[in-house]
Structures are given as C-alpha cells and as structure tokens.
Amino acid sequence: MFDPSLWSRLDRSKAEAAPEDAESQLEASRRKNATEAAAARAKLRQEKDRLAAAAAASQAQQALLASAKVAEMALARGAVEAPSRQLAALTASRDLRAAIGWYYVDASGIKQGPFPSHQMRDWFAAGYLPRDLRVAPA
C-alpha cells in the first residue's frame, strides 16, 4: 500500500525543516523578549519620573508648611507681645484694669482673696457683695 521509501523521505524532510523552524522560533522568541524588556524599561522610566515629581511636590509642600509655621509663630509672638506691652503700660499708669485679681475686707475685718475680676463681678451682680465693700487690686 505505502511505499517504505515514502516514510524515509517524509522523515528526511522533517529533519531538514526542523532546524529552520527551530531557528525561526528562537528568533521570534528573542524578538518577543526584546519587546517585553523595552516595555518594562519604559514602564520603569515612567515610574521613576512619577516618583521624582511626587518628591518635588512633597518638598514644595514642606517648604510651604515651614513658611506658614514661621508666619504663624510671628503672628503669635506679636499677639503675645501686644498684650504684654498693654499690661506694662496699664501697670505703670496704675490703671485698675491691669489688676490680676482683687482682695476684699469682709464684715469681720479679715482680708480675703485674691479673687479674679470676673468672679468678683459675678458675686457683686448676684448681690453677695455690698456696695460699700472695701476692695483692693492684687
């Protein structure tokens, strides 16, 4: 039915074609690997650029926060210094608004205090202190 030489010719043609197919497969595999490596390098480059941009933005934000903190401290220093200067001026002029607290002499002649101004004011408004009560700044 089949000629035995037919099988041997078929085997020879496969053997001759095999190295050529293997070389082309190897070349195709090399091209695929090279393409994948180039894509990976491009992706790494993009990630590196993104990280560099994020680092620059972070440094800019830190510089902005530092300058805001310096400005806030300067404002706070001014806010503290102004009342201190006012207190010194009121104390020098013996203005009673500079009093930190108040003493009073009770009905039995005993000196009480010092009490904060707001507490003395509340007691007076509630009627606990008489109008003729002797008081002195602390």
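## A walk from the long helix to the small sheet

A search of the whole structure turns up two salt bridges, and they make a good place to start. Keep in mind as you go that this is a predicted model.

**Stop 1: the salt bridges.** Select Glu-27 and Arg-31. These two form a salt bridge, with their closest N and O atoms 3.9 Å apart. Color helix 1, residues 4-92, and you will see how the pair is placed: Glu-27 and Arg-31 are four residues apart in this helix, so about one helical turn separates them. Switch on a surface and check Glu-27, which counts as partly exposed at 35% relative accessibility.

Now move along to Arg-50 and Glu-47. Here the closest N and O atoms of the salt bridge are 2.6 Å apart. Both residues belong to helix 1 and sit three residues apart, about one turn of the helix. Arg-50 is partly exposed, with a relative accessible area of 47%, and Glu-47 is likewise partly exposed, at 37%.

**Stop 2: the overall layout.** Zoom out and show the cartoon. The protein has two helices and three strands, and along the sequence they follow the pattern α-β-β-α-β. Of its 138 residues, 7% count as buried. If you have a contact map to hand, look at the contacts between residues at least 6 apart in sequence: 38% of them join residues at least 24 apart.

**Stop 3: the sheet.** Select residues 102-105, 111-115 and 134-137, which are strand 1, strand 2 and strand 3. Together they make an open sheet of three strands in the order 2-1-3, with antiparallel pairing. Strands 2 and 3 stand at the edges, and each has a single partner strand, so one side of each is left without a neighbour in the sheet. Look along the sheet to see the twist: neighbouring strands are turned by 20° against each other on average, direction ignored.

Take the pairings one at a time. Strand 1 and strand 2 are antiparallel over three bridges. Two positions to click are Val-105, which stands opposite Lys-111, and Tyr-104, whose bridge partner in strand 2 is Gln-112. Follow the backbone between these strands and you trace a hairpin with five residues in between, where Gly-109 in the turn has a positive phi of about 90°. On the other side, strand 1 pairs with strand 3 in the antiparallel sense over four bridges. Click Trp-102 to find Pro-137 of strand 3 opposite.

**Stop 4: a cis peptide.** Stay with strand 2 and center on Pro-114, which lies within this strand. The peptide bond joining Gly-113 and Pro-114 is cis, with omega about 5°.

**Stop 5: the two faces of strand 1.** Show the side chains of strand 1. Trp-102 and Tyr-104 are on the covered face, while Tyr-103 and Val-105 are on the uncovered one.

What covers the one face? Select Trp-102, Tyr-104, Phe-115, Met-120, Leu-129 and Leu-133: these six residues make up the largest nonpolar core, and both residues of the covered face are among them.

**Stop 6: Met-120.** Center on Met-120 and display its surroundings. Leaving aside residues up to four places away in sequence, Met-120 touches Trp-102, Tyr-104, Phe-115, Leu-129 and Val-135.

**Stop 7: Trp-102.** Finish at Trp-102, in strand 1. Is this residue buried or exposed? Its relative accessible area is 15%, under the 20% limit, so Trp-102 counts as buried. Measure from its C-alpha to that of Phe-115: the two residues are 13 apart in sequence and 5.1 Å apart in space. Then add Ser-117 to the view, and you will find a polar contact of 3.0 Å joining its side chain to that of Trp-102. The same tryptophan, Trp-102, has thus brought together several stops of the tour: it is a member of the nonpolar core, it is touched by Met-120, and it stands opposite Pro-137 in the sheet.

Technical notes
Residues are numbered from 1 along each chain as its sequence is written. This is a predicted model: local features need pLDDT of at least 70, side-chain atom pairs count only at pLDDT 80 or more; totals for chains, interfaces and linings use all residues. Side-chain values use heavy atoms; hydrogens and water are left out. Buried means under 20% relative accessible area, exposed over 50%, partly exposed in between (1.4 Å probe, protein chains only). A polar contact is a pair of N or O atoms within 3.5 Å; within protein, one must be able to donate a hydrogen and the other to accept it, and residues adjacent in sequence count only if both atoms are side-chain atoms. Two strands pair if DSSP finds at least two bridges between them. Axes are lines fitted to C-alpha atoms, for helices over the stretch in contact, and angles run from 0 to 180 degrees between N-to-C directions. A salt bridge is a side-chain nitrogen of Lys or Arg within 4 Å of a carboxyl oxygen of Asp or Glu. A nonpolar core is a set of buried Ala, Val, Leu, Ile, Met, Phe, Trp, Tyr and Cys residues joined through side-chain atoms within 4.5 Å. Contact means heavy atoms within 4.5 Å.
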